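Grab a pencil and work through these short exercises with the structure open beside you. Try each task before you read its solution.

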Amino acid sequence: MAHFSKANSIGEWLDQRLATKKLWKVLAAEYWVPKNINFLWAMGVVLMTMFSILVISGIFLLMYYKPDVHLAFDSVNYTIMQEAYYGWLWRHMHAVAASVVFLVIYIHMFTGIYYGSYKQGREMIWISGMLLFVTFSAEAFSGYMLPWGQMSYWAAQVITNLFGGIPFIGPDLVIWIRGNFYVADSTLTRFFMLHVFLLPLVIMAIIGLHFYSLRIPHVNNQDGEDIDFDYEAEKYKNGQKRESKVIPFWPVFISKDLFVVGVFMIFYFYLVGFHYEFAMDPINFEPANPMKTPPHIYPEWYFLWSYEVLRGFFFDIGPFKAMSIGLTAFGIANVIFFFLPWLDKSPVVAPAHKRGAFKYWFWILVIDMIILTVYGKLPPTGANAWIGFFASITFLALLLVVLPIITKKEAKSVGGAA
Amino acid sequence: MAIEQSRRDFLGMAFGAVSAIGGIFALGAMKATWDPLPSVMAAGFTTVDLSPMKPGEFRTVTWRGKPIFIIRKDGTDLKKCDKTDVKVGGGDYLVRIGLCTHLGCIPAWEPQNKKFKCACHGGEFDACGTNIFGPPPRPFDIPPFKIEGTKLVLGEEGPEYKKIVGKA
């Protein structure tokens with residue numbers, strides 16, 4: 001057994017038993033972050049903050065919510081909104097956070113794409129991040145069902161129906177997922193379980209993986225510079241703080257991070273207090289009715305781009321049915337970003353503005369996804385349908401064809417330097 | 001050394017076998033728990049009396065939580081389809097599951113245009129239930145039914161149903 005001497009403080013007592021000082025050094029005080037970064041590098045901590053808000057507000061909503069088709073709507077719209085003290089606040093915080101968390105996820109993701117932070121050893125950071133995006137999407141969808149309004153119901157109907165497109169097992173799979181022939185009580189209760197327990201558990205585990213995946217390749221920087229972290233960290237510890245290219249996460253980086261979090265929280269609570277309605281669709285304040293489809297249904301804004309890819313293919317092409325093409329394109333759109341580290345064939349890690357053709361590729365992709373998002377909410381008739389079609393084709397072509405070609409050229413021009 | 005190694009191999013294989021079999025049973029139990037309950041499966045029948053329906057009348061009944069569209073077409077100029085229409089007591093009926101075959105929204109019957117129109121993605125179906133415009137990949141599905149006099153029992157596969165879907 002290790003030798004224990006009398007401790008002079010609670011901190012020392014804990015350190016003897018749990019090596020808390022060493023743990024703190026490894027996790028924070030000697031976890032090194034480059035100096036050459038900007039506010040976009042603070043999005044990770046902003047996301048962590050938003051996730052914490054979702055968990056905390058969720059706990060309070062859970063005290064009054066009832067996952068039963070007869071009780072769900074009133075438990076949300078009467079008990080939580082009108083009876084429980086500050087129930088409205090928790091609900092608005094939860095709904096707004098669920099919406100803006102996707103805004104920050106997209107910023108976080110496109111920062112990674114812009115600065116090439118998904119390759120040359122950083123592949124696992126990217127993949128674990130994409131896994132988080134997918135689990136957050138499932139979390140958002142399952143949560144959207146819970147208020148059991150018309151939009152909840154028909155979103156559940158349409159999304160579960162998508163699985164019917166899988167060859168052979170599709171129709172049986174849909175019944176299995178729903179636990180009934182239609183979206184019913186069994187569906188609500190099992191998605192409630194997924195939303196409040198299983199998916200948050202999975203998300204927390206993947207957040208752990210995502211943080212851990214940063215340890216060895218480290219955070220990228222504004223110029224894609226290959227920093228020798230051990231060497232720079234030694235410099236910093238020897239007092240050459242000005243010369244060193246790195247700073248410790250705690251207390252130096254976190255102080256800047258928390259400033260960005262502060263600015264963001266002002267924006268967030270402004271939305272919660274004065275503009276929550278964008279996250280609370282009026283159609284969802286009508287109780288779910290399996291016998292009546294609302295005249296126009298659409299997903300929340302963060303799913304619109306992939307929804308538009310799904311319905312962008314509105315006519316049959318040769319022997320392929322419009323619906324199968326749309327489903328296939330939708331399937332590709334949802335997984336394509338996982339393969340980004342391999343679709344980009346160039347070893348160059350640099351910001352997009354220093355990468356020639358890649359710069360144009362990046363901004364065209366951003367614009368195309370904005371077009372998809374805008375048209376995803378409009379009725380798919382006339383010219384809208386064609387814009388949706390061409391934007392969907394452009395999206396697939398940009399990732400599957402254009403990116404490999406331009407990055408192969410780039411790799412050639414640098415002479416396969418890596 | 002060799003003996004120790006093979007003994008450890010045996011322990012490893014034994015544990016592998018136990019956990020594989022246990023895992024398969026566990027997955028089977030989990031899958032079955034997600035299945036629709038017996039009460040849900042048993043409550044899958046609806047009986048409709050068609051005799052009070054007038055020519056041209058459109059009705060929606062509920063079967064397994066889904067809307068079933070019924071239109072009486074004899075004595076009107078609505079399009080008739082001998083192969084798929086249901087004939088009960090001298091009447092000629094359209095009987096279909098009223099969910100768009102695209103993504104499951106409920107289309108509305110527009111009697112003046114003699115067609116169904118889906119508000120979700122613009123799909124259209126005619127009075128025979130055939131998809132005539134937009135993304136729906138196939139006609140409205142036909143619910144399994146059995147004819148008992150002037151009544152229609154939804155959920156049971158009678159000879160007329162089997163004939164229509166080509167199972168007879």
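**Exercise 1.** Find how much accessible surface chain A has, and what share of it belongs to carbon and sulfur atoms.

*Solution.* Keep in mind that this is a predicted model. Start with the total: the accessible surface of chain A is about 20,800 Å². Then take the share: carbon and sulfur atoms own 70% of that surface. Now look inside: 50% of the 418 residues in chain A count as buried.

**Exercise 2.** Work out how chain A is built and whether its radius of gyration fits the globule rule.

*Solution.* First, the pieces: chain A has 16 helices and two strands. Next, compare two numbers: the radius of gyration is 24 Å, close to the 22 Å from the globule rule for 418 residues, so chain A is as compact as a globular protein of that length. For the outline, the C-alpha trace spans about 70 × 60 × 45 Å along its principal axes. Last, check the contacts: of those between residues at least 6 apart in sequence, 76% link residues at least 24 apart.

**Exercise 3.** Track down the nonpolar patch on the surface and place A:Ile56 in it.

*Solution.* Begin with the members: A:Val55, A:Ile56, A:Ile59, A:Phe60, A:Met63, A:Tyr64 and A:Met204, which together have about 630 Å² of accessible area. Which helix gives the most to the patch? That's helix 3 (residues 43-62) of chain A, with four residues. A:Ile56 sits in helix 3 of chain A. Finally, is A:Ile56 buried, exposed or partly exposed? Its relative accessible area is 45%, so A:Ile56 is partly exposed, since that class runs between 20% and 50%.

Notes
Residues are numbered from 1 along each chain as its sequence is written. Chains are lettered from A and ligands numbered from 1 in the order in which they are written. This is a predicted model: local features need pLDDT of at least 70, side-chain atom pairs count only at pLDDT 80 or more; totals for chains, interfaces and linings use all residues. Side-chain values use heavy atoms; hydrogens and water are left out. Patches are made of residues with over 30% relative accessible area and no salt bridge: like charges are joined within 9 Å, nonpolar side chains (Val, Leu, Ile, Met, Phe, Trp, Tyr) within 5 Å. Accessible areas come from the Shrake-Rupley method with a 1.4 Å probe; for residues, only the protein chains shown count as cover. A salt bridge is a side-chain nitrogen of Lys or Arg within 4 Å of a carboxyl oxygen of Asp or Glu. Buried means under 20% relative accessible area, exposed over 50%, partly exposed in between (1.4 Å probe, protein chains only). The radius of gyration is taken over C-alpha atoms; the globule rule is 2.2 Å times the number of residues to the power 0.38. Contact means heavy atoms within 4.5 Å.
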